[in-house]
Amino acid sequence: MKGTSPDVEVHSSQEPWWRRGVIYQIYPRSFQDSNGDGIGDIRGIIDRLDYLVWLGIDAVWISPIFFSPMADFGYDIADYRKIDPLFGTLTDFDQLIEAAHRRGIRILLDYVPNHSSDRHQWFLEARSSRDNPRRDFYIWRDAAPDGGPPNNWQSEFGGSAWELDAATGQYYYHAFLKEQPDLNWRNPEVRREMYDVLRFWLDRGVDGFRVDVMWHLIKDAEFRDNPQNPDWTEDMPPHKSVLSIYSCDQEEVHDVVSEMRAVLDEYGGDRLLIGEIYLPIARLVAYYGRDLRGAHLPFNFRLIEAQWDARHIERQIVEYEAALPEGGWPNWVLSNHDKPRIASRVGRDQARVAAMMLLTLRGTPTIYYGDEIGMNDAPIPPERVQDPFELRVPGRGFGRDPQRTPMQWDNTVNAGFSTGSPWLPLAPDKDSFNVEAERSDPHSMLSLYRRLIAFRRENDALNLGRYASVEADSCVLAYLRETENDRYLIALNLGPEPAVLETPGQCRIVISTEGKAEGEIVEEKLHLQGNEGVLAEMMS
Ligand code: GLC
């Protein structure tokens, strides 16, 4: 087996690293540009590794860096084994692995198995004729009797998910852009090829994968029409007008996921499999797999989708905890490259409370780059729009460029992201909200994140301990995290008005998002300011 292993401290317990660890998502186009072309790259990531060490990150998930025509910014891959020249070379990548591992940081890649680019060699062959041996690598159907698409399945970026290939007279299926034809995962040859792709990167020392749209991989064998969604309204994305019960989340997908997992397990037990899955809790937890032989962490997007209301979020937490299979490990996510940023959704003050929630709930947290400095979604003038979703369904607020703007490092030109002209505009508040400015300010978002991460790392009650709800009024969410030895109370005021919590005993303030005196003893009533979160150690 090639590749270095991360130089990490060995914990006395046998817990896998990702249970205690904090994951950080890098959208590589926007993290750090090293060559002045305005697009972030692998060398840029290497240059910023020490920042991630300082922040306390355990693993980095990098959105796709593979050879791609960039119709969907790398989620359309034309060669799964090649690094796109925009991002660098395979040598740069090997150096990234080595440099990260030397610092104790693990590297997770984005694996995009549901679809390739339409420029992938397989698709070029597949579309060349109906009897090409690669034809069945993709999903082809005859037209409906009226000559239209074979069924009513919708592309997530708008319109029919079927594209007529005039030369061969059949339609192919694409759950996203027509430049992203879906691979046929019912074909064992596709599986073999795609598992070898995993091995290719595992051999280079990669520590795991985030699997793109895992719940999409297998489609109904009979291609039945999806039912209409009676709850669909105009403000929802067009594809939600039908319920994707036949195009997604088919029972057989779990065989595929367990096969992927088996490939990772060939490399010892510590390679991590994360699945991107947007499904209700009951369906989501099935992706842990039969006997936990599926994804280690099916991404839990409850905090992305939830209304920001204490009782609602508490219900989500309790339902999620209850639904987890025995031994299944939870996880939490606040933002990602597809959804509005947390600071824009709930405001910057509340984003501090959200940070405390993310880093104190039971389960592995994933931080989206820039959230730790309180980055907001940036306004994108129409002429600068890049995202294919926005270009296809314009002006409806579905565009994803606002949350993908360049990382704000300092006060220099382009916030230190690039010496060239950045592919997306920088956010207007970059001079106040950037790493350099916040690093030295003990009250900044960045300092809060760093403290919370460090505290979580040091305390078993927070990283591994049990979760228990604490009764609280209206806008307060309160819970305990505990082991045999330690108990911490987390009290989060999700509203702007002051609130009081009856604590379950005497406690001592450890961290407050609003600067309450550390060490202060609270007897039984914890007074929270508006938008304040408190982490306190229980004394009794
Ligand atoms: C996932 C990615 C998203 C991409 C889509 C198609 O949802 O996160 O960015 O557009 O899959 O690959």
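Two strands count as paired if DSSP finds at least two bridges between them. Keep that cut-off at hand for these exercises, and remember that the model is predicted.

**Exercise 1. Find which residue of β10 stands opposite F209, and place the pair in its sheet.**

Step 1. Begin with the two strands: β9 covers residues 208-211 and β10 covers residues 272-275. Four bridges join them, and they run parallel, which satisfies the cut-off of at least two bridges.

Step 2. Within this pair, F209 faces L273 of β10.

Step 3. Now widen the view. The open sheet has eight strands with parallel pairing, in the order β11-β10-β9-β5-β2-β1-β13-β12. The edges are taken by β11 (297-298) and β12 (331-333); each has a single partner strand, so one side of each is left without a neighbour in the sheet.

Step 4. Add the helix. Residues 253-265 make up α7, which lies across β5 (106-111), β9 and β10 and runs at about 155° to β10.

**Exercise 2. Describe how the hairpin of β7 and β8 is built.**

Step 1. Strand β7 spans residues 162-165 and strand β8 spans residues 170-173; they run antiparallel, joined by four bridges.

Step 2. For a sample bridge, take L164, whose partner in β8 is Y171.

Step 3. Four residues sit between the strands, and in this hairpin G169 adopts a positive phi near 70°.

**Exercise 3. Work out the strand order of the six-stranded open sheet, then add the helices that lie on it.**

Step 1. The order reads β14-β15-β16-β21-β18-β19, and the pairing is antiparallel. At the edges stand β14 (466-470) and β19 (521-522), each with a single partner strand, so one side of each lacks a neighbour in the sheet.

Step 2. Look at one edge pair: β14 meets β15 (residues 476-482) over five bridges in the antiparallel sense. Here V470 is opposite A478 of β15.

Step 3. Helix α12 (residues 348-360) packs on this sheet, where it touches β15, β16 (487-493), β18 (507-512) and β21 (533-538). Its direction makes about 150° with that of β16.

Step 4. Helix α15 (residues 445-458) lies across β16, β18 and β21, at about 130° to β18.

**Exercise 4. Characterise the surroundings of the ligand: which residues come nearest, and how much of the ligand is buried?**

Step 1. There are 14 residues around the ligand, and D72, D212, E276, H337 and D338 come nearest.

Step 2. Sort the shell by character: seven residues are charged, four are nonpolar and three are polar.

Step 3. Check the distances from ligand oxygen atoms to side-chain N or O atoms. The value is 2.5 Å for D72, 2.8 Å for E276 and 2.5 Å for D338.

Step 4. Finish with the area: the ligand taken alone exposes 300 Å², and the protein buries 96% of that.

Note on methods. Residues numbered from 1 in each chain as written. Predicted model: local features only at pLDDT ≥ 70, side-chain atom pairs only at ≥ 80, totals over all residues. Heavy atoms only, no water. Near = heavy atom within 4 Å. Polar contact = N/O pair within 3.5 Å; in protein donor to acceptor, adjacent residues only side chain to side chain. Areas by Shrake-Rupley, 256 points an atom, 1.4 Å probe, with all protein chains shown as cover. Nonpolar A, V, L, I, M, F, W, Y, C, P; charged D, E, K, R; others polar. Contact = heavy atoms within 4.5 Å. Axes fitted to C-alpha atoms, helices over the stretch in contact; angles between N-to-C directions.
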